[in-house]
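Colleague: I am new to this structure and would like a close look at a single part of it. Please take the largest nonpolar core and what lies around it.

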Amino acid sequence: MDNGFRYQLGDLVEFKKSERTTEEYIDIVTLIGIIIEQRWVFTADNKFKVRTSDKDYWIREDHLKLLSKGTR
């Protein structure tokens, strides 16, 4: 079913998150999770709620990388 979103519910995705940022140090980690919700945004990039092992995150579409399509 094509609902206009680049990623679908159940897709496995990867994104980067800054854990700690100071003047001298930037700690970036790569997280992997599953798309659990979609949000259409008229004036900006669509957002997706990604569930990781420890927390849920709202991530912009352009910050996600598809690892595997979910089963339909």
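Modeller: The largest nonpolar core has 11 residues: Phe 5, Tyr 7, Val 13, Phe 15, Leu 31, Ile 35, Phe 48, Val 50, Tyr 57, Ile 59 and Leu 64. The elements that give two or more residues to this core are strand E1 (12-21), strand E2 (26-39), E3 and E4. A nonpolar core is here a set of buried Ala, Val, Leu, Ile, Met, Phe, Trp, Tyr and Cys residues joined through side-chain atoms within 4.5 Å. Buried means under 20% relative accessible area, exposed means over 50%, and partly exposed lies in between (1.4 Å probe, protein chains only). In soluble globular proteins, nonpolar side chains tend to be buried together.

This is a predicted model, in which local features need pLDDT of at least 70 and side-chain atom pairs count only at pLDDT 80 or more, while totals for chains, interfaces and linings use all residues. Residues are numbered from 1 along each chain as its sequence is written, and side-chain values use heavy atoms, with hydrogens and water left out.

The protein has 0 helices and 5 strands, and its pattern along the sequence is β-β-β-β-β. Helices (H or I, at least four residues) and strands (E, at least two) are DSSP runs, numbered from the N terminus. Of the 72 residues in the protein, 26% are buried.

One member of the core, Tyr 57, is in contact (heavy atoms within 4.5 Å) with Phe 15, Lys 17, Leu 31, Phe 48, Lys 49, Val 50 and Thr 52, leaving aside its neighbours within four places in sequence.

Thr 52 is found in the loop between strand E3 (47-51) and strand E4 (56-60). With a relative accessible area of 9%, Thr 52 counts as buried. Its contacts, again without neighbours within four places in sequence, are Phe 15, Leu 31, Ile 32, Gly 33 and Tyr 57. The side chain of Thr 52 also makes a polar contact with the side chain of Asp 54, at 2.8 Å; a polar contact is a pair of N or O atoms within 3.5 Å, where within protein one must be able to donate a hydrogen and the other to accept it, and residues adjacent in sequence count only if both atoms are side-chain atoms. The backbone oxygen of Lys 55 is reached by the side chain of Thr 52 at 2.7 Å.

Ile 32, in strand E2, is 20 residues from Thr 52 in sequence and 6.1 Å from it in space, C-alpha to C-alpha. Ile 32 is partly exposed because its relative accessibility is 46%. Besides Thr 52, Ile 32 touches Leu 12, Val 13, Glu 14, Arg 51 and Leu 67, not counting residues up to four places away in sequence.

Phe 5, another residue of the core, is among the contacts of Asn 46, which also include Arg 39, Trp 40 and Ile 59. Asn 46 is in the loop between E2 and E3, and is buried at a relative accessible area of 11%. A polar atom of the Asn 46 side chain lies 3.0 Å from the backbone nitrogen of Val 41.

Arg 39 lies in strand E2 and is partly exposed, with a relative accessible area of 40%. Leaving aside neighbours within four places in sequence, Arg 39 is in contact with Phe 5, Asn 46, Lys 47 and Trp 58.
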